Amino acid sequence: MRTVIERHGHSIDDQGFIHYDDQASTYERAEELAGRRLDRRRSYAIMDGEVLESTRWSQACSGCYDGHDIAHDAGHGCSECGYTGRRRNGAWVPLLNKEGSESNG
Ligand SMILES: [Zn+2]
């Protein structure tokens, strides 16, 4: 699903669960903050005025895998991964700076 959300903060309830205050935003707003065009086929999130993009990947399930090539192989299956041997992961990552070199001065 392709979306842009903006996170305004979060709260923690009595049971210790974190609730994020995410609200729908627009590509236009994300582009304004990022200062460049964004890929309409991807999902983005705005947090603390910074634009992050969604990355998703699958890898062998850590619960049942004991080989060495976790990116391409699969485990033998367990309840954690629904006996598929693979699990999906996702994360928000900062936009890659395509302007060129960046120095950590
Ligand atoms: Zn597993």
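What pattern does the chain follow when read along the sequence? It runs β-β-α-β-β-β, with one helix and five strands in total. Helices (H or I, at least four residues) and strands (E, at least two) are DSSP runs here, numbered from the N terminus. The model is a predicted one, so local features need pLDDT of at least 70 and side-chain atom pairs count only at pLDDT 80 or more, while totals for chains, interfaces and linings use all residues. Residues are numbered from 1 along each chain as its sequence is written.

Overall dimensions come next. The radius of gyration of the chain is 18 Å, whereas a compact globule of 105 residues would come out near 13 Å; the value is taken over C-alpha atoms, and the globule rule is 2.2 Å times the number of residues to the power 0.38. Along the principal axes, the C-alpha atoms fill a box of roughly 45 × 45 × 35 Å. Just 10% of the 105 residues count as buried. For that label, 20 or more other C-beta atoms must lie within 10 Å of a residue's own; 12 or fewer makes it exposed, anything in between partly exposed, and the C-beta atoms are placed from the backbone. As for contacts (C-beta atoms, placed from the backbone, within 7 Å), 35% of those with a separation of 6 or more link residues 24 or more positions apart.

What is buried includes a nonpolar core, meaning a set of buried Ala, Val, Leu, Ile, Met, Phe, Trp, Tyr and Cys residues joined through C-beta atoms within 7 Å. The largest such core has six residues: Val-4, Ala-30, Tyr-44, Ile-46, Val-51 and Leu-52. Strand 3 (44-47) and strand 4 (50-60) each put at least two residues into this core. Val-4 touches Ser-25, Thr-26, Tyr-27, Ala-30 and Tyr-44, leaving out residues up to four places away in sequence.

Strands 3 and 4 also pair with each other, in the antiparallel sense and over four bridges; pairing requires that DSSP finds at least two bridges between the strands. Within this pair, Tyr-44 stands opposite Glu-53 of strand 4. The two strands make a hairpin with two residues between them. One residue of the turn, Asp-48, has a positive phi of about 55° although it is not a glycine. Asp-48 counts as exposed because it has 7 C-beta neighbours inside 10 Å.

On to strand 5 (residues 86-94), which runs antiparallel to strand 4 and is joined to it by nine bridges. Glu-53 turns up again here, opposite Val-93, and Thr-55 has Ala-91 as its bridge partner. None of the nine residues of strand 5 is buried, so the strand lies largely in the open. Trp-92, which sits in strand 5, is partly exposed, with 16 other C-beta atoms within 10 Å. Leaving aside neighbours within four places in sequence, Trp-92 is in contact with Ala-45, Leu-52 and Ser-54. The C-alpha atoms of Trp-92 and Thr-55 are separated by 6.3 Å, with their positions 37 residues apart along the chain counted as sequence separation.

The loop between strand 4 and strand 5 holds Tyr-83, another non-glycine residue with a positive phi, in this case about 60°. Tyr-83 is exposed, with 12 other C-beta atoms within 10 Å. For context, most residues other than glycine have a negative phi.

How values were computed. Contact = placed C-beta atoms within 7 Å.
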